[in-house]
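Visitor: I would like to learn how to read the features of a model such as this one, with the cut-offs stated as we go. Could we look at the coordinates together before we begin?

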Amino acid sequence: MKIIVCENYQEMSSRAAEIIADLVKAKPSCVLGLATGSTPVGMYRELIAKTAAGEISFRDVTTYNLDEYYPIAPTHEQSYRYFMNENLFSHIDIDPERTFVPNGLTENPEEEGAAYDAAIEAAGGIDLQVLGIGQNGHIAFNEPDEALIAGTHITALTEDTIDANSRFFASRDDVPTRAFTMGIGSIMKAKKIILLANGANKHAAIAQMLDDKITTACPATFLKAHADVYLICDTAAYNG
Ligand code: PGA
């Protein structure tokens, strides 16, 4: 794992946006794996600015998002589809038909999970996957557990993830308790991965990922088995 420690959130966001911009310039029809949460918002702002400045175009880019709450409607303000539209897609020149987020209303999770992974493969695979990390070491909604699932699937959220995400909802009771998420195998198939982390509240998870052996107790440790991963973090996440 290559590690880039940045002074602050802004620098982390700029470095990550530069990596994506370089890829989009080199391969205009690339496939991006995207993430939601507070962490990538600054990076998305940078990408919006680069698009507005004419530096890059998303016209031929395809995107697959990591996860979605379940059950939730795409129009719900806390859905990840809504988040992506608000924070990126509606501000860039991407074709909405080429943006994919797991269906938070699926009635056939097994079928749709397999179809999501097959669609990614048919698109040529993910060229670059953006990841955040949970305070508990989760990536996407692959929560610490005795075993992890390879493909896209429905999963239960842990209590600490529900606590962490309750800041976006009117009350803790409103947070969905399940999610539709890409699996560890889906993520590890990406050709390149950038993991972003900022803030002292991510230090324990980053330290555990870097120091521990590969363990399902900290799903992010699996990234150490991938050949092309960049950790881009700020000093607070790195040093505590
Ligand atoms: P955050 O979430 O970016 O809102 O901290 C990251 C995660 O839980 O994966």
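The dialogue below takes up the sheets, then the salt bridges, then the largest pocket.

Guide: Two remarks on conventions come before the features. This is a predicted model, in which local features need pLDDT of at least 70 and side-chain atom pairs count only at pLDDT 80 or more, while totals for chains, interfaces and linings use all residues. Residues are numbered from 1 along each chain as its sequence is written, and side-chain values use heavy atoms, with hydrogens and water left out.

Visitor: How should I read a sheet, and what is the strand order in the open sheet of 7 strands?

Guide: In general, strands of a sheet pair through backbone hydrogen bonds, either parallel or antiparallel. Strands here are DSSP runs of E with at least two residues, helices are runs of H or I with at least four residues, and both are numbered from the N terminus; two strands pair if DSSP finds at least two bridges between them. The open sheet of 7 strands follows the order β1-β10-β9-β6-β2-β3-β5, with parallel pairing, and its edge strands, β1 (2-6) and β5 (99-100), each pair on one side only.

Visitor: Which residues stand opposite each other where β10 meets β1 and β9?

Guide: Between β1 and β10, which run parallel and are joined by 5 bridges, Val 5 stands opposite Cys 233 in β10. Strand β9 (residues 192-197) is likewise joined to β10 by 5 bridges in the parallel sense, and there Ile 194 stands opposite Tyr 230. Strand β10 (residues 229-234) is mostly covered, since 5 of its 6 residues are buried, where buried means under 20% relative accessible area, exposed means over 50%, and partly exposed lies in between (1.4 Å probe, protein chains only). Elsewhere in this sheet, β2 and strand β3 (residues 62-65) pair in the parallel sense over 4 bridges, with Leu 34 opposite Asn 65 in β3.

Visitor: What is the pairing in the open sheet of 3 strands?

Guide: The pairing is antiparallel, in the order β4-β8-β7. Because β4 (67-70) and β7 (153-156) stand at the edges with a single partner strand each, one side of each is left without a neighbour in the sheet. Neighbouring strands of this sheet are turned by 30 degrees against each other on average, direction ignored, the axes being lines fitted to C-alpha atoms and angles running from 0 to 180 degrees between N-to-C directions. β7 pairs with strand β8 (residues 178-181) over 4 bridges, and Thr 155 stands opposite Ala 179 in β8.

Visitor: How many salt bridges does the structure hold, and how are they defined?

Guide: A salt bridge is a side-chain nitrogen of Lys or Arg within 4 Å of a carboxyl oxygen of Asp or Glu, and the structure holds 9 of them. In one of these, Asp 127 pairs with Lys 27, the closest N and O atoms being 2.8 Å apart. This pair links distant parts of the chain, 100 residues apart, with Asp 127 in the loop between α4 (109-122) and β6 (128-131) and Lys 27 in the loop between α1 (9-26) and β2 (31-34).

Visitor: Is Asp 127 buried or exposed?

Guide: Asp 127 is buried, with a relative accessible area of 10%, whereas Lys 27, at 34%, counts as partly exposed.

Visitor: Which salt bridges does Arg 172 form with Glu 159 and Asp 163?

Guide: The side chain of Arg 172 meets that of Glu 159 at 2.6 Å, N to O, and that of Asp 163 at 2.5 Å, N to O. Arg 172 is partly exposed at 34% relative accessibility, Asp 163 is partly exposed at 42%, and Glu 159 is exposed at 51%. A network of salt bridges also links Lys 2, Lys 192 and Asp 228.

Visitor: What is the volume of the largest pocket?

Guide: On a 1 Å grid over the protein atoms alone, a pocket is an open set of points where a 1.4 Å probe fits, with protein on both sides within 12 Å along at least five of seven lines, and lining residues have an atom within 4 Å of a point. The volume, which is the space filled by probe spheres set on the points, is about 650 Å³ for the largest pocket. Of its 33 lining residues, the closest to the centre are Thr 36, Gly 37, Ser 38, Asn 165 and Arg 167, and α5 gives the most to the lining, with 4 residues.
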